[in-house]
Amino acid sequence: MLQQYNRILVAIDGSKEAELAFKKAVQVAVRNKASLLIANVIDTKAFQSISTFDGSMADKASLQAKNTLEEYVRYAKNHRVEDVSYVIEYGSPKVLISKQIPEEHNVHLIMLGATGLSAVERIFIGSVSEYVIRNAACDVLIVRTDLENQPTD
């Protein structure tokens with residue numbers, strides 16, 4: 001019996017790698033007749049470093065995420081994904097993507113774009129994808145190639 005994923009989570013962060021992971025997640029969802037959950041996690045630590053932080057910054061980030069996610073939902077529906085939704089969360093992307101969102105939404109597969117971090121950058125700031133690989137209870141697929149399965153630049 002072939003493995004079938006019924007609920008796929010793809011995390012997006014505005015990067016080229018995340019957009020590629022999203023487009024591949026759409027293809028996987030169609031092949032598996034799966035529902036697709038698109039997640040954007042707004043890292044609250046990023047706001048803590050800004051001394052002039054006010055609530056309007058979080059509101060702007062949330063509005064931008066909502067607009068982007070609604071575009072992604074339209075794309076997925078136009079590419080034959082019947083069941084697609086999104087979530088916007090605030091907090092640690094590592095924990096939310098690897099544990100909380102998959103548990104709350106009964107996710108079978110997490111898809112992420114490969115990080116562009118160097119080894120030194122991963123030591124200092126960490127890699128979300130690396131953390132998710134190590135801590136997720138479900139399968140994780142890291143996207144490293146384009147839609148024709150060719151290496152990306």
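Contact is taken here as heavy atoms within 4.5 Å. The model is predicted, so local features need pLDDT of at least 70 and side-chain atom pairs count only at pLDDT 80 or more, while totals for chains, interfaces and linings use all residues. Residues are numbered from 1 along each chain as its sequence is written, and side-chain values use heavy atoms, with hydrogens and water left out. Helices (H or I, at least four residues) and strands (E, at least two) are DSSP runs, numbered from the N terminus.

L36 has many neighbours. Not counting residues up to four places away in sequence, L36 touches R7, I8, V10, F22, A25, V26, A29, A76, V81, D83, V84 and S85. L36 also belongs to the largest nonpolar core. Such a core is a set of buried Ala, Val, Leu, Ile, Met, Phe, Trp, Tyr and Cys residues joined through side-chain atoms within 4.5 Å. Buried means under 20% relative accessible area, exposed means over 50%, and partly exposed lies in between (1.4 Å probe, protein chains only). The largest core holds 24 residues. Of these, I8, V10, F22, L36, I38 and M111 touch the most other members. Two or more residues come from each of β1, α1, β2, α3 and β4. Helix α1 gives the largest share, eight residues. Another core, of 17 residues, lies apart from this one. Its members include V87, I97, I101 and C138. In soluble globular proteins, nonpolar side chains tend to be buried together.

Aromatic rings were examined next. Rings of Phe, Tyr and Trp (its six-membered ring) pair if their centres lie within 6.5 Å; planes under 30 degrees apart count as stacked, over 60 as edge-to-face and the rest as tilted. Two aromatic pairs meet this rule. The pair of F22 and Y72 is stacked, at 4.3 Å centre to centre with 15° between the planes. This pair links distant parts of the chain. F22 lies in helix α1 (residues 16-32) and Y72 in helix α3 (residues 55-78), 50 residues apart. F22 is buried, at a relative accessible area of 1%. Y72 also counts as buried, at 12%. The rings of F22 and Y75 have centres 5.5 Å apart and planes at 55°, so this pair is tilted. F22 is in α1 and Y75 in α3, so the contact ties together parts 53 residues apart in sequence. Y75 is partly exposed, at 24% relative accessibility. Ring pairs thus join F22, Y72 and Y75 into a cluster.

Strand β4 (109-113) is mostly covered, with five of its five residues buried. L109, M111 and G113 are buried on one side, and I110 and L112 on the other. Two strands pair if DSSP finds at least two bridges between them. β1 and β4 pair in the parallel sense over three bridges. V10 has M111 of β4 as its bridge partner. Strand β5 (residues 139-143) runs parallel to β4 and is joined to β4 by five bridges. Here L109 stands opposite D139. G113 has a partner in space as well: the C-alpha atoms of E19 and G113 are 7.6 Å apart, although 94 residues separate the two in sequence. E19 lies in helix α1 and is partly exposed, with a relative accessible area of 34%.

Helix α4 (residues 93-105) has a kink of about 25° at K99, shortly before the proline P102. The bend at a residue is the angle between axes fitted to the seven residues ending there and the seven starting there. P93, L96, I97, S98, I101 and P102 are the buried residues of α4. They pack against β1 (7-11), β2 (35-43), β3 (84-91), β4 (109-113) and α6 (128-135). After α4 comes N106, with a positive phi near 50°.

S127 sits in the loop between α5 (119-125) and α6. S127 is buried, with a relative accessible area of 4%. A polar contact is a pair of N or O atoms within 3.5 Å; within protein, one must be able to donate a hydrogen and the other to accept it, and residues adjacent in sequence count only if both atoms are side-chain atoms. The side chain of S127 makes such a contact with the side chain of S129, at 3.0 Å. The S127 side chain also reaches the backbone nitrogen of E130, at 3.2 Å.
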